[in-house]
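Student: I am new to this structure and would like a close look at one part of it. Please choose a single element, take me through its surroundings step by step, and then set it beside a few other places in the chain.

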Amino acid sequence: MPIKVLIVDDSALMRKHFSNLFIREGFVVDIARNGEEALSKAVEFQPDCITLDINMPVMDGMTCLAILKDLYSCPIIMVSSLTQKGAIVTLEALTLGAADFVLKTGGTVSRDIADIEAPLIDKIHALTNAVKPVRAIRKVNSTAAPVPQNTSSSRQVDVVLIGVSTGGPKKLEQILTQLSPQFPAPIVIAQHMPASFTSALSSRLDGICPLPVMEAGNKTKLKRGCVYIAKGDSDVVFSKSGQDIFIRPVPSSPSFLWHPSVDRMVESALSCYEPMNMVCVQLTGMGYDGAQAMSKAFKGGAITIAESEKSAVVFGMPKELIEAGCASFTLDSHHVSGKLNALCR
């Protein structure tokens, strides 16, 4: 069965470009010019996925999203602007239940479409569990030798590393708000996002979590009980000076497909920490980012947690770690905070 996509946008040109793109991909398409029209079209057309513009007349995307949650259930991808205001509104949409977002860069419509068409198509395939594989999927090679089952909680944990992509903001809110206020280790997070979005995300999480949350926008000394969000559109690396360990943003490396790169973060952390004193968490997301480096950490003695297929918005990233045989625990996302509290006492 072909994938059915409902395009909700007040721009006739945007609707035309999206329609042409989706039809070329083999999707069945319907359109709505505002949120009010989208509500009736969703019930009639019964799409597998909806692209939803935020700024529209009659009924805006946020109001439409809030009603759609109870009216019709399918993955919704927000079409947002690359601005600080756009980031804040989009993060609110993700916490309300939107599955993901794509960005209009602020240029011409044709330029915007050219920039986002490949990731948008990939997101639709991933979110609708289509047969077509996501681009650039790579399997992590597992060694033939047995790997250790690193499940002991009787160890010192010096750092927690979290990798996440599609569906991440809501998962991070779910996990970080349930951590102990006395959490004893620093937490460093690589969430695939642009820079304006990681700043907004860290500010939002800082306001609702028991631990301080900040964006790692400069060289920063890691402190126990603090949460650091890697700056978007860059990668995060670790360095050591005496007994102190620092993180800092560096230009994104073309050797890695997604940014901030989870693999690069974990690889860099391994140069500063003993694997036995690390906990790595692989949450929802497309592709394989993080699986290679987390597998290496696991084989060195790190504890690794992979989100379960049941709770993941997209099972790609955690699935890669599990299939490599390098997940100490496979947990629904609402059990991750409890496990972290138990491991890091």
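**A covered helix and its surroundings**

Tutor: Of the 345 residues of the protein, 56% count as buried. Please keep in mind throughout that this is a predicted model. The protein has eleven helices and 15 strands, and among its contacts with a separation of 6 or more, 72% are between residues 24 or more positions apart.

The part I suggest is helix H8, which is mostly covered, since six of its eight residues are buried. Those six are Val262, Asp263, Met265, Val266, Ser268 and Ala269. When you look at that list, it helps to remember that an α-helix has 3.6 residues a turn, so residues three or four places apart point the same way. The N-terminal end of H8 is capped by Ser261, where a side-chain oxygen lies 3.4 Å from the backbone nitrogen of Asp263.

What, then, covers the buried residues of H8? The cover includes four strands, E6 (159-164), E7 (187-191), E11 and E13, together with the helices H9 (291-299) and H10 (316-323). Two of these strands, E7 and E11, hold residues that are worth following further.

In strand E7 we find Gln191, which counts as buried because its relative accessible area is 1%, under the 20% limit. Although Gln191 and Pro260 are 69 residues apart along the chain, their C-alpha atoms are separated by 6.4 Å. If residues up to four places away in sequence are set aside, Gln191 touches Val164, Ser165, Gly168, Pro169, Leu172, Thr198, Leu201, His259 and Pro260. With one of these neighbours there is also a polar contact, as the side chain of Gln191 reaches the backbone oxygen of Ser165 at 3.1 Å.

Strand E11 leads us to the aromatic rings. The structure holds five aromatic pairs. One is formed by Phe22 and Phe27, whose ring centres are 5.7 Å apart and whose planes meet at 45 degrees, so this pair is tilted. Both partners are buried, Phe22 with a relative accessible area of 0% and Phe27 with 6%. Another pair, that of Phe238 and Tyr273, is edge-to-face, with 6.1 Å from centre to centre and 80 degrees between the planes. This second pair links distant parts of the chain, for Phe238 belongs to strand E11 (residues 234-241), whereas Tyr273, 35 residues apart, is in the loop between H8 (262-269) and strand E13 (278-282). Here too each partner, Phe238 and Tyr273, is buried. As for Phe22 and Phe27, ring pairs link them with Phe18 into a cluster.

We can now turn to the nonpolar interior. In soluble globular proteins, nonpolar side chains tend to be buried together. In this model the largest nonpolar core has 60 residues, of which Val160, Ile187 and Leu340 touch the most other members. Leaving out residues up to four places away in sequence, Leu340 touches Val160, Ile175, Leu179, Phe183, Val279, Val281 and Ile305. Apart from this core lies another of 33 residues, including Val159, Leu161, Cys272 and Leu321.

For a second helix to set beside H8, look at helix H2 (residues 35-45), where Gly35, Ala38, Leu39, Lys41, Ala42 and Phe45 are buried. Their cover includes the strands E1 (4-8), E2 (28-32) and E3 (49-53), as well as helix H3 (61-71). At the start of H2, a side-chain oxygen of Asn34 comes to within 3.0 Å of the backbone nitrogen of Glu36, and just after the helix Gln46 takes a positive phi of about 50 degrees.

A strand can be enclosed as well: four of the five residues of strand E5 (residues 100-104) are buried, so the rest of the structure largely encloses this strand. E5 runs parallel to strand E4 (residues 76-81), and five bridges join the two. One residue to look for there is Ser81, whose bridge partner in E5 is Lys104.

Finally, rings also meet charges in this model. The charged end of Lys219 sits over the ring of Phe246, 4.8 Å from its centre, and Lys339 lies over the face of Phe329, at 4.1 Å from the ring centre.

How values were computed
Residues are numbered from 1 along each chain as its sequence is written. This is a predicted model: local features need pLDDT of at least 70, side-chain atom pairs count only at pLDDT 80 or more; totals for chains, interfaces and linings use all residues. Side-chain values use heavy atoms; hydrogens and water are left out. Rings of Phe, Tyr and Trp (its six-membered ring) pair if their centres lie within 6.5 Å; planes under 30 degrees apart count as stacked, over 60 as edge-to-face and the rest as tilted. Buried means under 20% relative accessible area, exposed over 50%, partly exposed in between (1.4 Å probe, protein chains only). A charge sits over a ring if NZ of Lys or CZ of Arg is within 6 Å of the ring centre and within 35 degrees of the ring normal. Contact means heavy atoms within 4.5 Å. A polar contact is a pair of N or O atoms within 3.5 Å; within protein, one must be able to donate a hydrogen and the other to accept it, and residues adjacent in sequence count only if both atoms are side-chain atoms. A nonpolar core is a set of buried Ala, Val, Leu, Ile, Met, Phe, Trp, Tyr and Cys residues joined through side-chain atoms within 4.5 Å. Two strands pair if DSSP finds at least two bridges between them.
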